[in-house]
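Colleague: I'd like a close look at one part of this predicted model rather than a tour of the whole thing. Pick a stretch worth reading in detail and take me through it.

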Amino acid sequence: MYQRVFLDKVSKENHFIEHPYFILFYGIVHSIAHHFHQLGHSEPIDFVFDTQMDQVKRVIQTWNDMQFFSDPAIRPLVVNPPIFRNDRTTLPLQAADLHAWWTHRMMTAYFNDQPMRRPPF
């Protein structure tokens with residue numbers, strides 16, 4: 001479905017939309033930066049992502065392309081390139097994985113009309 005919508009829109013200038021990862025990546029970074037901007041935060045945010053060897057190069061390229069598209073109000077918050085760490089040794093990434101797992105579990109139950117277990121935290 002993604003390719004059907006975007007494939008004919010890919011050009012040299014916007015090559016990054018050829019992969020759905022861009023929309024997710026951009027959405028997460030933009031939402032967080034926008035939220036911090038709304039709170040009055042003005043210092044650059046360090047975005048830390050799990051190291052995925054097949055994605056690091058794409059993420060860096062997308063990050064550079066994203067700088068052009070970012071809202072000028074949040075641009076000062078997203079000037080530092082993302083940081084990549086191993087989720088087996090980086091506690092904040094482990095917490096994010098745990099949160100994502102529970103969110104997935106609860107939403108799967110919800111959409112399948114099954115009882116939802118709440119996380120123990």
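Modeller: What follows is a walk along helix 4, with the pocket that it helps to line.

First, the housekeeping. Residues are numbered from 1 along each chain as its sequence is written. The model is predicted, with local features needing pLDDT of at least 70, side-chain atom pairs counting only at pLDDT 80 or more, and totals for chains, interfaces and linings using all residues, while side-chain values use heavy atoms and leave out hydrogens and water.

On confidence (pLDDT, the predictor's own score for each residue, from 0 to 100), the protein averages 84, and 84% of the residues score at least 70. Helix 4 has the highest mean among the elements, 93, whereas helix 1 (residues 2–6) has the lowest, 70. Where pLDDT is low, the predicted coordinates should not be read in detail.

Helix 4 covers residues 91–111 (helices are DSSP runs of H or I with at least four residues, strands are runs of E with at least two, both numbered from the N terminus). From first C-alpha to last, its 21 residues reach 30 Å, close to the 30 Å expected (1.5 Å times one less than the number of residues). Just after the helix comes Asp-113, which has a positive phi, near 55 degrees.

Now for the inside. Leu-93, Trp-102, Met-106 and Ala-109 of helix 4 are buried, that is, under 20% relative accessible area with a 1.4 Å probe and protein chains only. An α-helix has 3.6 residues a turn, so residues three or four places apart point the same way. What do the buried residues of helix 4 pack against? Their partners are strand 1 and strand 2, the latter at residues 83–85.

Leu-93 has a second role in this picture, as part of the lining of the second largest pocket. A pocket here is an open set of points on a 1 Å grid over the protein atoms alone where a 1.4 Å probe fits, with protein on both sides within 12 Å along at least five of seven lines; lining residues have an atom within 4 Å of a point. Along with Leu-93, the lining is made up of Asp-50, Gln-52, Ala-96, Asp-97, His-99, Ala-100 and Thr-103. Helix 4 gives the largest share, 6 residues.

For contrast, the largest pocket draws its largest share, 5 residues, from helix 2. Helix 2 (21–38) and strand 1 (48–50) each supply at least two residues there, and the full lining is Tyr-21, Leu-24, Phe-25, Ile-28, Ile-32, Ile-45, Asp-46, Phe-47, Val-48 and Phe-49.

Methods:
Buried < 20%, exposed > 50% of the residue type's maximum accessible area, 1.4 Å probe, protein only. Contact = heavy atoms within 4.5 Å.
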